Amino acid sequence: MAQTQQVLSSKSEALIEKENKYGAHNYHPLPVVLEKGGGVFVWDVDGKKYYDFLSAYSAVNQGHCHPKIVGAMVKQAQTLTLTSRAFHNDQLGVFEEYVTKYFGFDKVLPMNTGAEAVETALKICRKWAYEVKGTPENQAQIIVCENNFHGRTTTIISFSNDENARKNFGPFTEGFIKIPYDDIDALEAALKLNSNIAGFLVEPIQGEAGVYVPSEGYLAKAKALCAAHNALFIADEVQTGIARTGRLLATCGNCSCTQGCENTPEVKPDILILGKAISGGVYPVSAVLANNEIMNVIKPGQHGSTFGGNPVAAAVAVAALEVVRDENLSENAERLGILLRKGLNDIASRNSLISLVRGKGLLNAIVINCDEESDLAWQICLKFRDYGLLAKPTHGNKIRFAPPLVITEAQIQDCLSIIEKALNDFK
Ligand SMILES: *Cc1c(COP(=O)(O)O)cnc(C)c1O
């Protein structure tokens, strides 16, 4: 079963060596060095072409180097890049109107990275608790889920249960209560136990945990419980949002947005956190959306970011969201996701290496029939690479399959052949 892998070119080796020598070792990348991207494809430094089945953790939903988004960036970059929020600029308000109407919220607070947007949401939630709900000072608690991934700041890792992400980074921020994911009774118990719950922060699908899709109705019930206990329902859609799961949002049809999916307003988040694909992967943009009674707790000087809401980010985000709508990426993700999972299940029926296929839209994962400590999933990803498809294991034995949403049916079939061929090498 041991498989020989392709050897890396000396050019790739040299570039990897530079990263190893001069860069902090805070990642363990798959050994492939990319130099070009277009649509669903990326090319390495030797000109070899690959399907991108990670999409930069769902940041490039619109496909690599989408001409409309890159065009908007270049045009704005040649005109005005940064004013800081000390002054107004002619792009920010346009973006703010566009994004709030798009998702059906009164207001947006723009930031840059996903982690910053999560931090922003936590701060807004706490402030709301003290100033609107009437929680006694410094008593606010926010409920979070086990196996969450919300980013890498000191506060966010304070409520992570990934020991690798936490070890020797303490002391940690207080004020978080952890409950099991997809456990509505645990949420109800936590809300009942403590009258100072300000909010519940949740991923509609746990991406980093291995694309864990909660049971049907979980999010709607969670939202209802939060409402009953006057706590904010905060959806971290940094990875699941912007058409990835076959809807504009994984909490969709949730919104009073203009996207035309059937509305189920009972799942609409009180605070919505977006990042990654809101920029199509060309520039860091993140955003927190909420209605006035929540967002108005933030006053001048109380929160901000030098780059947040800069003109390039604003122009890029509008273009990126236009592409999602104009190219029907939600519908494409929904339709091709069904096809992909069906194909993967067919492969699983012929090859026992896949023990489970799960996901929604084009956010999917296969679970490899081995324990989390095994390096089999890594070996399989190396084989995928050799056959022209890039994916990466998450939590040991799970491999996420999340191609750009512009992928076609024929390309999905091609990828399924690659996946099966690679897995057969391990039989
Ligand atoms: C990626 C991610 C984040 C963090 O975003 P960064 O831009 O890496 O800081 C937060 N939440 C979720 C669900 C994510 O997938």
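This is a short chat about a predicted model, its ligand site and a few of its helices.

Q: Before we start, what kind of model is this, and how are the residues numbered?
A: The model is predicted, so to speak of local features we need pLDDT of at least 70, side-chain atom pairs count only at pLDDT 80 or more, and totals for chains, interfaces and linings use all residues. Numbering runs from 1 along each chain as its sequence is written, and side-chain values use heavy atoms, with hydrogens and water left out.

Q: Ok, which residues surround the ligand?
A: Thr113, Gly114, Ala115, Phe149, His150, Gly151, Glu203, Asp236, Val238, Gln239 and Lys276. Being near the ligand takes a heavy atom within 4 Å of it.

Q: How does that shell divide into nonpolar, polar and charged?
A: There are 3 nonpolar, 5 polar and 3 charged residues. Here Ala, Val, Leu, Ile, Met, Phe, Trp, Tyr, Cys and Pro count as nonpolar, Asp, Glu, Lys and Arg as charged, and the others, Gly among them, as polar.

Q: What does the side chain of aspartate 236 do there?
A: One of its polar atoms lies 2.7 Å from a nitrogen atom of the ligand. For glutamine 239, a side-chain N or O atom is 2.8 Å from a ligand oxygen. A polar contact means a pair of N or O atoms within 3.5 Å; within protein, one must be able to donate a hydrogen and the other to accept it, and residues adjacent in sequence count only if both atoms are side-chain atoms.

Q: And how much of the ligand does the protein bury?
A: 81% of the 380 Å² that the ligand exposes when taken alone. Areas come from the Shrake-Rupley method with a 1.4 Å probe; for residues, only the protein chains shown count as cover.

Q: Switching to helix H5: is threonine 120 buried or exposed?
A: Buried, with a relative accessible area of 0%. Buried means under 20%, exposed over 50%, and partly exposed in between. Threonine 120 sits in H5, residues 114–133; helices (H or I, at least four residues) and strands (E, at least two) are DSSP runs, numbered from the N terminus.

Q: What does threonine 120 touch?
A: Leu109, Met111, Val288 and His303, leaving aside residues up to four places away in sequence. Contact is heavy atoms within 4.5 Å.

Q: Why is helix H13 called largely enclosed?
A: Because 10 of its 11 residues (376–386) are buried. The cover includes strand S3 (49–52) and helix H14 (409–424).

Methods
Buried means under 20% relative accessible area, exposed over 50%, partly exposed in between (1.4 Å probe, protein chains only).
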